[in-house]
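Let's take a walk through this structure together. Have a look at it below, and then we'll go through how some of its helices sit against one another.

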Amino acid sequence: MTPARQAADDEPAPSRTTTGATATAEADTTGPAEGGHTGIAPTEPAPADEPATDTAETAGTPQDTPVTPAGTATDEPATEPAEPEHDSEPAARPDPAGRTDDAPSPRTPEPAAPPPADPEQALAAVAWRLDPRTLREEAPDPARLRVIRDGLTGKLDTALDNRSRARLLSLRAVASRVLGDLDDALDDARLAVTYAEATGEFRRTALARARLAEALRWRGDHAEADRLFAEANSPELPDRLRALLHEHAGRCCYDQGRLTEACLHFERALDLRHGEDAQLNARVEVALDAVAERAAADGFGPAPRRPEEVLGTPRPPVATFDEEQRLWGYADADGEMVIAHRYAEAQPFHEGLAWVRRPEASRWALIDTSGAALIEANNGYRSVLPFSDGLSWVSMDGKSRWMAVDRMNIVKIPPGYEEARPFRNGLAAVRQNGGWGAVDLAGEVVVPTRYHRIGTPLADGREADGFTADGLAVVELAGRRGVVDRTGRVVVTPAYPTVVVHPVAFLFAAESGRWGALDRRGEPLIDPVHPGRSAVVAEIDRLLADASPVL
């Protein structure tokens with residue numbers, strides 16, 4: 001059997017391409033996996049003796065006339081050997097009128113293609129409609145959607161791994177929600193999040209949380225839905241997925257009459273796609289028309305909330321400096337002093353805790369947001385790092401022998417490291433015997449301390465001080481850079497002058513100074529022919545142009 005061609009939303013399939021080339025992707029024969037690769041629009045149909053797609057994380061096209069989704073999305077790494085897990089389908093090619101090849105114009109009837117046999121593919125192929133007043137999706141054929149939901153149930157009966165159950169449950173929640181079975185949708189969506197979190201996979205968890213948020217939104221549980229949309233969204237996700245999260249968060253704000261806040265989400269969605277996503281543009285146009293009509297009658301509602309309000313987390317006090325006393329204190333969100341100016345040095349609050357040093361002391365103390373001391377200065381810490389993941393690195397001599405303590409000053413990782421960085425996503429970069437590696441929260445060495453540097457440049461210009469949310473880090477060995485994962489496995493052999501982590505790929509600079517890309521398995525994706533990394537990002541976005549997940 002030849003590999004099936006596929007399209008997915010969050011990682012390009014391992015197919016080398018060059019500028020201007022027509023991209024064609026073929027799935028690994030071990031079976032496409034959900035979210036570890038992103039498909040490239042096929043130039044020919046898949047062979048008739050095998051599934052053409054790997055389905056189902058496809059965005060409906062919220063308009064008041066049926067439009068077939070442009071593609072599908074997956075949310076699991078492409079390295080997992082398994083049978084095909086139907087998570088994507090070939091992307092439809094939009095025509096100038098905004099239709100797709102499999103969504104014929106009502107003015108030009110064409111014979112309907114038979115529905116896909118696989119329920120995930122069938123769900124991806126549903127031509128959703130968007131109610132222009134409620135901004136909720138509608139199924140053109142509810143009876144057919146019930147059949148699809150029954151098919152998903154059948155697949156769930158044989159799905160044993162967390163990845164498959166998370167995917168299938170969250171997709172069944174989508175079907176139940178649109179059918180109006182909101183209790184069933186909520187139960188499935190909550191269980192899907194549990195399974196997704198158990199996989200430890202960032203994109204999968206974000207999708208599951210977003211689908212749960214939509215179920216909550218339809219039930220009117222807006223506060224929890226808002227929080228989940230905010231938690232799911234992250235700069236480390238693909239821009240198309242982030243745009244969808246903002247779009248759906250905007251709809252949730254619309255339901256609440258928070259119309260200014262809704263418009264900000266819609267604007268952010270458009271910005272992330274640079275105005276080049278025709279289907280997103282059409283959906284947002286419908287939403288903005290609804291906002292305008294509602295605002296004309298009721299106004300734009302309350303002012304937009306701060307992130308802390310949406311997430312339900314209190315805004316921590318902010319360090320402020322008194323010029324006359326030459327001392328630091330902390331003020332609340334309204335500028336009122338909540339901890340007096342009495343410190344010679346004061347770090348920002350992290351996880352409700354901050355390290356401070358009084359003028360008369362050479363050691364650091366730990367305080368909570370009320371100013372109460374949890375760790376006194378007489379414990380002797382000359383150097384400290386902010387708390388993260390419940391731990392803080394501290395050093396008695398200020399130079400070496402770093403150890404990790406919790407808020408009760410219990411040593412969780414004994415001293416022995418020459419340098420350490422704050423924990424991020426359960427891992428911390430550490431230096432021992434001159435080499436960099438990483439430890440987990442239990443102090444176990446997960447990446448051997450053999451590298452000359454760990455620092456992870458991201459495609460949006462930031463640099464992660466350690467590992468990404470997907471558990472990836474850029475390492476340097478003998479002046480060459482590569483990528484390791486959270487288990488220490490080498491994903492990209494250190495062989496490049498520069499490597500940058502993109503949400504769905506790895507960008508690299510060759511010796512020539514030209515830029516290319518590898519997929520998430522470290523296989524060639526785009527030849528190093530581009531003058532800069534922005535051109536590679538644009539090429540990757542082109543390859544992903546026809547895929548988008550169903551929320």
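**How the helices pack**

Let's start with a pair: helix 4 and helix 5 cross each other in a left-handed way. Helix 4 covers residues 182-199, and its axis lies 8 Å from that of helix 5, at an angle of about 160°. Angles over 145 degrees count as roughly antiparallel, so helix 4 and helix 5 get that label. Keep in mind as you look around that this is a predicted model.

Who touches whom here? On the helix 4 side you'll find, among others, Leu182, Leu186, Ala189, Val193 and Glu197, and they meet a helix 5 group that includes Arg204, Ala208, Leu212, Ala215 and Trp218. Sorted by class, this contact has 12 nonpolar residues, 7 charged ones and 2 polar ones.

Now step back along the chain to helix 3, residues 162-179. Its axis comes within 8 Å of the axis of helix 4, and the two cross at roughly 160°. That makes helix 3 roughly antiparallel to helix 4. The crossing of helix 3 with helix 4 is left-handed. Helix 3 brings residues such as Asn162, Ala166, Leu169, Ala173 and Arg177 to the contact, while helix 4 offers Leu182, Ala185, Ala189, Ala192 and Tyr195, among others. The tally for helix 3 against helix 4 is 11 nonpolar, 4 polar and 6 charged residues. Leu182 of helix 4 takes part in this contact, and Leu182 also appears in the contact with helix 5.

Next, move on to helix 5, residues 202-219, and see how it meets helix 7, residues 239-255. Here the angle is about 15° and the axes are 11 Å apart. That angle makes helix 5 roughly parallel to helix 7. The way helix 5 passes helix 7 is left-handed. From helix 5 come Leu207, Ala210, Glu214 and Arg217, and from helix 7 come Leu241, Leu245, His248, Arg251, Cys252 and Asp255. These split into 5 nonpolar, 1 polar and 4 charged residues.

Finally, zoom out to the whole chain. Its secondary structure adds up to 11 helices and 27 strands. How much of the chain is buried? Of its 551 residues, 53% count as buried. If you take contacts between residues at least 6 apart in sequence, 52% of them join residues at least 24 apart. As for the outside, the accessible surface comes to about 23,000 Å², and carbon and sulfur atoms account for 50% of that.

Methods: Residues numbered from 1 in each chain as written. Predicted model: local features only at pLDDT ≥ 70, side-chain atom pairs only at ≥ 80, totals over all residues. Heavy atoms only, no water. Axes fitted to C-alpha atoms, helices over the stretch in contact; angles between N-to-C directions. Helix = DSSP H or I, 4+ residues; strand = E, 2+ residues; numbered from the N terminus. Parallel < 35°, antiparallel > 145°, perpendicular 65-115°, else oblique. Left-handed = near helix turned anticlockwise from the far one by under 90°. Contact = heavy atoms within 4.5 Å. Nonpolar A, V, L, I, M, F, W, Y, C, P; charged D, E, K, R; others polar. Buried < 20%, exposed > 50% of the residue type's maximum accessible area, 1.4 Å probe, protein only. Areas by Shrake-Rupley, 256 points an atom, 1.4 Å probe, with all protein chains shown as cover.
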